[in-house]
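Thanks for coming. I have one structure to go through today, and I will put it on the screen now.

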Amino acid sequence: MSPTSVSLIAFACVFGGTLLGMFVRNRLPGHHLTGDTKEVVRLGTGLIGTIAALVLGLLIASASSTYETQSSQVKQLTASIVLLDRTLAQYGPETDSARNLLRRGVATLADRIWRENGSESGKAEPFAASAGALSFYDDIQKLSTRNEAQRSLQARAIDTITDLAKTRLLLFAKAGASIPMPFLVVLISWLTILFASFSLFADNNATTIAALCIFALSASASIFLILELSQPFTGLMMISDGPLRNALAPLGS
């Protein structure tokens, strides 16, 4: 399910808890709404509210960390590709075919990264290097070095390719990582209980309903934010693939 769908369901459940609390209040005998009863409910909801607040805070921090980490990995890929191209350019004109292959491979790399991390299909499949990537690596290894400078540049290029592969595999390993649905169900149930308790002892007027509606919307928005940040290759907060795709200018330009 998309983050928008989950957050809308969360809002429906949480605000439904508000309406349920109002419904129960109108049907409870007066002696069930005494000060002692309020105190017991307040203590219980205080505990649930504290737990829910801690969980929401931790989830937002975790999702933000995931977003920043994967964004940094994409930037690292981009920088490594530019560095690799510059290293091959310094090697000499005999690397022009490899550099052209690198340029064609960047678009394929971007398509694959965003497809693997942005959809639910194929995430259980094992990782397999593309034919273009293997061909590119073979071309670099087969370069005939004529002096110490070219040997140093070839070794540097191979090291950069290794770093690229490591970063690429890290992105693949994190593909499909998301918050488990049972976890979200429990969190939403806590919020529903909280809002039901809020309306249980509140006056049933338009101001109360409007305020609780806004609060429920805010709680649902926090869940939307968590889900969006935990899926950085899709949605409204998607990491841009523009810098990676446009990292290398056409050869000879």
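Start with helix H2, which has 57 residues. From its first C-alpha to its last, H2 reaches 82 Å, and that is close to the 84 Å expected at 1.5 Å a residue. Please keep in mind that this is a predicted model. Just after H2 comes Gly92, with a positive phi of about 145 degrees.

Next, the packing of H2. Two packed helices are described by the angle between their axes and the distance between the axes. Here the pair is H2, residues 35-91, and H6, residues 181-200. Their axes come within 9 Å and cross at roughly 140 degrees. H2 is therefore oblique to H6. As for handedness, the crossing of H2 and H6 is left-handed.

Which residues in H2 and H6 meet? On the H2 side they include Val41, Thr45, Ile48, Gly49 and Ile51, and further along Ala52, Val55, Leu56 and Leu59. On the H6 side they are Phe183, Leu187, Trp190, Leu191, Ile193, Leu194 and Ser197. Sorted by class, this contact has 13 nonpolar residues, 3 polar ones and no charged ones.

Now to a loop. Between helix H3, residues 96-118, and helix H4, residues 131-141, you will find Ala128. Is Ala128 buried or exposed? Its relative accessible area is 44%, so Ala128 counts as partly exposed. One last distance concerns Ala128 and Arg146, which are 18 residues apart along the chain. The C-alpha atoms of Ala128 and Arg146 are separated by 34 Å.

That is what I have for today.

Methods: Residues are numbered from 1 along each chain as its sequence is written. This is a predicted model: local features need pLDDT of at least 70, side-chain atom pairs count only at pLDDT 80 or more; totals for chains, interfaces and linings use all residues. Side-chain values use heavy atoms; hydrogens and water are left out. Axes are lines fitted to C-alpha atoms, for helices over the stretch in contact, and angles run from 0 to 180 degrees between N-to-C directions. Helices (H or I, at least four residues) and strands (E, at least two) are DSSP runs, numbered from the N terminus. Angles under 35 degrees count as roughly parallel, over 145 as roughly antiparallel, 65 to 115 as roughly perpendicular and the rest as oblique. A crossing is left-handed if the near helix is turned anticlockwise from the far one by less than a right angle, and right-handed if clockwise. Contact means heavy atoms within 4.5 Å. Ala, Val, Leu, Ile, Met, Phe, Trp, Tyr, Cys and Pro count as nonpolar, Asp, Glu, Lys and Arg as charged, and the others, Gly among them, as polar. The expected span of a helix is 1.5 Å times one less than its number of residues. Buried means under 20% relative accessible area, exposed over 50%, partly exposed in between (1.4 Å probe, protein chains only).
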